[in-house]
Amino acid sequence: MTLDHLTGGRLPLFVFPEKMERMYGPSLAGAGPDFDIAAMVMTLITDDVRPALDGVKMMLPLYIGGMGAKSRDFHADIIGRMGYAEAAEEIQALYPAGRRDEAFNAIPDELADGISLVGPVGRIRERLEPWRRSPVSNLLVMGPRDETSLRTIRDLVLG
């Protein structure tokens, strides 16, 4: 048996939809039409974007600076392929040194915003467009716990 394309799917932890090619391009080059990419995305409907972005940023220092080996850290590598290699290196130096607040502050807002869907409904609707143009076939929504938010996000995603 020979495989001329990838079958099955992928479950990436971090996806910045506008940067998919740069992040995963070579590994998805042989993906067939039925290849499923189910991306996890932190989602929060709120009128106050700043605390929502900070909530996304709170989880990133551990992944970027506290997991993996300094010589080979998958999470830091993927953040680098998004275009944030300098921030990843800084976080990898700060987080293990116990300088957690500085590691948090080293995460660019653009990174947190790019991998999440946070803000008012209209903003989330706009931010869904890059996801629709990306090779992502399913969104695994993380964050909302109340039925109203879940229904609203479902309706936004399904259009």
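Here are four exercises with worked solutions on the predicted model above.

**Exercise 1: an aromatic pair**

Find which residues form the one aromatic pair in the structure, classify its geometry, and say what the pair ties together.

*Solution.*
- Start with the count: there is one aromatic pair to look for.
- The partners are phenylalanine 14 and tyrosine 63, with ring centres 5.5 Å apart.
- Now the planes: they sit at 90° to each other, and since anything over 60 degrees counts as edge-to-face, that's the label for this pair.
- Next, place the partners. Phenylalanine 14 is in the loop between β1 and α1, while tyrosine 63 belongs to helix α2 (residues 49-66), so the pair links parts 49 residues apart in sequence.
- Last, check burial. Phenylalanine 14 has 4% relative accessibility, so it counts as buried, because the cut-off is under 20%. Tyrosine 63 comes out at 23%, which makes it partly exposed.

**Exercise 2: charges over rings**

Work out which rings have lysine 19 and lysine 57 over their faces.

*Solution.*
- Take lysine 19: it lies over the face of phenylalanine 16, 4.6 Å from the ring centre.
- Then lysine 57: its ring is phenylalanine 104, and the distance to the ring centre is 5.1 Å.

**Exercise 3: how α1 packs**

List the buried residues of α1, say what covers them, and describe how α1 packs with α3.

*Solution.*
- Helix α1 spans residues 20-28, and its buried residues are Met20, Met23, Tyr24, Gly25 and Leu28.
- The cover over these buried residues includes β1 (9-10), β2 (36-45) and α3 (74-94).
- Zoom in on α3. From α1, Arg22, Met23 and Tyr24 meet Ile78, Arg81, Met82 and Gly83 of α3.
- For the geometry, you want two numbers: packed helices are described by the angle and the distance between their axes.
- For α1 and α3 the angle is about 125° and the axes are 7 Å apart.
- That angle falls outside the parallel, antiparallel and perpendicular ranges, so the two helices are oblique to each other.

**Exercise 4: the largest nonpolar core**

Say how many residues the largest nonpolar core has, which elements feed it, and what leucine 111 touches.

*Solution.*
- The core has 39 residues, and Ile79, Met82, Leu111 and Ile115 have the most contacts inside it.
- Elements giving two or more residues are α1, β2, α2, α3, α5 (109-114), β3 (116-119) and α6 (121-133).
- Of these, α3 supplies the largest share, nine residues.
- Finally, skip the neighbours within four places in sequence: leucine 111 is then in contact with Phe16, Leu60, Ile79, Met82 and Tyr84.

Methods:
Residues are numbered from 1 along each chain as its sequence is written. This is a predicted model: local features need pLDDT of at least 70, side-chain atom pairs count only at pLDDT 80 or more; totals for chains, interfaces and linings use all residues. Side-chain values use heavy atoms; hydrogens and water are left out. Buried means under 20% relative accessible area, exposed over 50%, partly exposed in between (1.4 Å probe, protein chains only). Helices (H or I, at least four residues) and strands (E, at least two) are DSSP runs, numbered from the N terminus. Contact means heavy atoms within 4.5 Å. Rings of Phe, Tyr and Trp (its six-membered ring) pair if their centres lie within 6.5 Å; planes under 30 degrees apart count as stacked, over 60 as edge-to-face and the rest as tilted. A charge sits over a ring if NZ of Lys or CZ of Arg is within 6 Å of the ring centre and within 35 degrees of the ring normal. A nonpolar core is a set of buried Ala, Val, Leu, Ile, Met, Phe, Trp, Tyr and Cys residues joined through side-chain atoms within 4.5 Å. Axes are lines fitted to C-alpha atoms, for helices over the stretch in contact, and angles run from 0 to 180 degrees between N-to-C directions. Angles under 35 degrees count as roughly parallel, over 145 as roughly antiparallel, 65 to 115 as roughly perpendicular and the rest as oblique.
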